Amino acid sequence: MDKHISNTQQVVEYLDQHDMVEWVSHPDLKNHPNHELAKELLPKGSTAVFSFGIKGGREIGQVFIDRLDLFSNLANIGDAKSLVIHPASTTHQRMSVKDLEEAGISEGLIRLSVGIESVQDLIEDLEKGFRSSSKALKKQYGTIMYIDVDNQKTYIATGNKNHIK
């Protein structure tokens, strides 16, 4: 479990700083609603299963998943190997945007289950997915400008469309 937790903490920190990531939901982050409880109950670190939101929605989420090699695209969780799933393009693909939102699933939600592989390899794999996603996003929307307002990551397309989240 130590390797799961150590890897997860590093992956969470990496994702929390990435320009293509809209949000990260993990109890080890100070902005998580259960952060204090997690520190009390799980002082060595909490779960290796968590989610984050990729900017660009359903299509970009699918591009991200399709470019990963080390993370296996599977719906199960808690394996020794790292797993990833994009519910909007897999398990919940038939749901409308409204139905997804009502279920608490954004179109850009990605769920990770971090395994015990080399954390550098995991981060490199994620970065490869983000590079492909960023290219797809630029192709879809034009030039992207990132803006940080009050620690809220957002970006504006200056090409084909005016504002995207």
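User: Let's start with the overall make-up. How many helices and strands does the protein have?
Analyst: Keep in mind that this is a predicted model. Going along the sequence, you meet the elements in the pattern α-β-α-β-α-β-β-α-β-α-β-β. The tally for the protein is five helices and seven strands.

User: What share of the residues counts as buried?
Analyst: The surface first: about 9200 Å² is exposed, and carbon and sulfur atoms supply 49% of that. Buried here takes a relative accessible area under 20%. Of the 165 residues in the protein, the share that passes is 44%.

User: In what order do the strands of the open sheet sit?
Analyst: Five strands build this sheet, and their pairing is mixed. β1 and β3 (72-73) each have a single partner strand, so they stand at the edges with one side lacking a neighbour in the sheet. Read across, the order is β1-β2-β5-β4-β3.

User: And β3 with β4, is that pairing parallel or antiparallel?
Analyst: β4 covers residues 83-85, and two bridges join it to β3. Asn73 sits opposite Val84 of β4. The sense of the pairing is parallel.

User: What angle does α3 make with β2?
Analyst: α3 lies across β2, β3, β4 and β5. The direction of α3 relative to β2 comes to about 125°.

User: Which helix gives the largest share of the biggest nonpolar core?
Analyst: That core has 25 residues, and Leu15, Phe52, Phe64, Leu112, Leu126 and Phe130 touch the most other members. At least two residues each come from α1 (2-16), β1 (21-25), β2 (49-54), α3 (57-67), β5 (109-113) and α5 (119-141). The largest share is five residues, and the helix supplying it is α5.

User: Leu112 is on that list. Which α5 residue does Leu112 touch?
Analyst: Leaving out residues up to four places away in sequence, Leu112 touches Val11, Leu15, Ala48, Val49, Phe50, Phe52, Phe71, Leu83, Val84 and Leu126. α5 spans 119-141. The contact of Leu112 that falls in that range is Leu126.

User: How far apart are the ring centres of Phe64 and Phe130?
Analyst: Phe64 is in helix α3 and Phe130 in helix α5, 66 residues apart, so to speak a link between distant parts of the chain. Both Phe64 and Phe130 are buried. Their planes are 40° apart, which makes the pair tilted, and the centre-to-centre distance is 4.7 Å.

User: Which residues make up the ring cluster?
Analyst: The protein has four aromatic pairs. Ring pairs link the cluster together, and its members are Tyr14, Phe52, Phe64 and Phe130.

User: Is Ile110 buried or exposed?
Analyst: Ile110 belongs to strand β5. Leaving out residues up to four places away in sequence, it touches Phe50, Ser51, Phe52, Ile54, Gly61, Phe64, Ile65, Val84, Ile85 and His86. The C-alpha atoms of Ile110 and Ile85 are 5.9 Å apart, although 25 residues separate the two along the chain. Ile110 has 0% relative accessibility, so it counts as buried.

User: What is the relative accessibility of Ser113?
Analyst: Ser113 also lies in strand β5. Beyond residues up to four places away in sequence, its contacts are Ala48, Val49, Ile77, Gly78, Asp79, Lys81, Ser82 and Leu83. Ser113 counts as buried because its relative accessibility is 2%.

Technical notes:
Residues numbered from 1 in each chain as written. Predicted model: local features only at pLDDT ≥ 70, side-chain atom pairs only at ≥ 80, totals over all residues. Heavy atoms only, no water. Core = buried A, V, L, I, M, F, W, Y, C linked by side-chain atoms within 4.5 Å. Buried < 20%, exposed > 50% of the residue type's maximum accessible area, 1.4 Å probe, protein only. Helix = DSSP H or I, 4+ residues; strand = E, 2+ residues; numbered from the N terminus. Contact = heavy atoms within 4.5 Å. Areas by Shrake-Rupley, 256 points an atom, 1.4 Å probe, with all protein chains shown as cover. Pairing = 2+ DSSP bridges. Axes fitted to C-alpha atoms, helices over the stretch in contact; angles between N-to-C directions. Phe/Tyr/Trp six-rings, centres within 6.5 Å; stacked < 30°, edge-to-face > 60°.
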